[in-house]
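Here is a short report on one protein model. It starts with the core and then moves outward.

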Amino acid sequence: MENALFALSLSGREPEVAPGVEQQLLDALKMKGAQTMEQLASLQPTVSWAQVFLAVDRLSRSGLVFLRRDGGCRYCVSLNRTHEGTL
């Protein structure tokens, strides 16, 4: 998968994120609290892992969620409570 994302970045195109994926992830985090990337992906069975990854990346860059390393290679995603009114 990393090769596919790398190839897309070389082409200058950004992969598509399905409409509403970011909101679905925000809703899941509101209901269930902090989740690992794998947990978030499993909560969205109609969305690919790559789309979840890209949506989390966008949400993180916009400051709506935080990413923190959860031991080893796992990352935990949580809501940024300072932006709660905009969610």
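A nonpolar core is a set of buried Ala, Val, Leu, Ile, Met, Phe, Trp, Tyr and Cys residues joined through side-chain atoms within 4.5 Å. Buried means under 20% relative accessible area, exposed over 50%, and partly exposed in between (1.4 Å probe, protein chains only).

This is a predicted model: local features need pLDDT of at least 70, side-chain atom pairs count only at pLDDT 80 or more, and totals for chains, interfaces and linings use all residues. Residues are numbered from 1 along each chain as its sequence is written, and side-chain values use heavy atoms, with hydrogens and water left out.

**Core and layout**

The largest nonpolar core has 17 residues. Leu25, Leu40, Val52, Val56, Val65 and Val77 have the most contacts inside this core. H2, H3, H4 and E3 each supply at least two of its residues. H2 gives the most, with five.

The protein chain has four helices and three strands. Helices (H or I, at least four residues) and strands (E, at least two) are DSSP runs, numbered from the N terminus. Their order from the N terminus is α-α-β-α-α-β-β. The chain holds 87 residues, and 30% of them are buried. Contact means heavy atoms within 4.5 Å. Of the contacts with a separation of 6 or more, 46% join residues 24 or more positions apart.

**Confidence**

pLDDT is the predictor's confidence in each residue, from 0 to 100. The chain averages 80, and 72% of the residues score at least 70. Residues 1-10 have a pLDDT below 50, and this stretch has six contacts in the model beyond near neighbours in sequence. Where pLDDT is low, the predicted coordinates should not be read in detail.

**Helix H4**

H4 covers residues 49-61, 13 in number. From first C-alpha to last it reaches 18 Å, close to the 18 Å expected at 1.5 Å a residue. That expected span is 1.5 Å times one less than the number of residues. Buried positions in H4 are Gln51, Val52, Leu54, Ala55, Val56 and Leu59. Their cover includes helix H2 (21-32), helix H3 (37-42), strand E2 (65-69) and strand E3 (75-79). Just after H4, Gly63 takes a positive phi of about 85°.

The structure holds one aromatic pair. The ring centres of Trp49 and Phe53 are 5.6 Å apart and the planes lie at 20°, so the pair is stacked. Rings of Phe, Tyr and Trp (its six-membered ring) pair if their centres lie within 6.5 Å; planes under 30 degrees apart count as stacked, over 60 as edge-to-face and the rest as tilted. Both residues lie in H4, four residues apart, about one turn of the helix.

**Accessibility of four residues**

| Residue | Relative accessible area | Class |
|---|---|---|
| Gln35 | 10% | buried |
| Trp49 | 32% | partly exposed |
| Phe53 | 33% | partly exposed |
| Ala34 | 41% | partly exposed |

**Around Val77**

Leaving out residues up to four places away in sequence, Val77 touches Leu29, Ala34, Gln35, Met37, Leu40, Val56, Val65, Phe66 and Leu67. Gln35 sits in strand E1 (residues 35-36). Its side chain reaches the backbone oxygen of Lys32 at 3.4 Å. Beyond four places in sequence, Gln35 contacts Leu29, Leu40, Leu43, Tyr75, Cys76 and Val77.

Ala34 lies in the loop between H2 and E1. With the same sequence neighbours set aside, Ala34 touches Leu29, Cys76, Val77 and Ser78. The C-alpha atoms of Ala34 and Phe66 are separated by 9.4 Å, with their positions 32 residues apart along the chain.

Terms used. A polar contact is a pair of N or O atoms within 3.5 Å; within protein, one must be able to donate a hydrogen and the other to accept it, and residues adjacent in sequence count only if both atoms are side-chain atoms.
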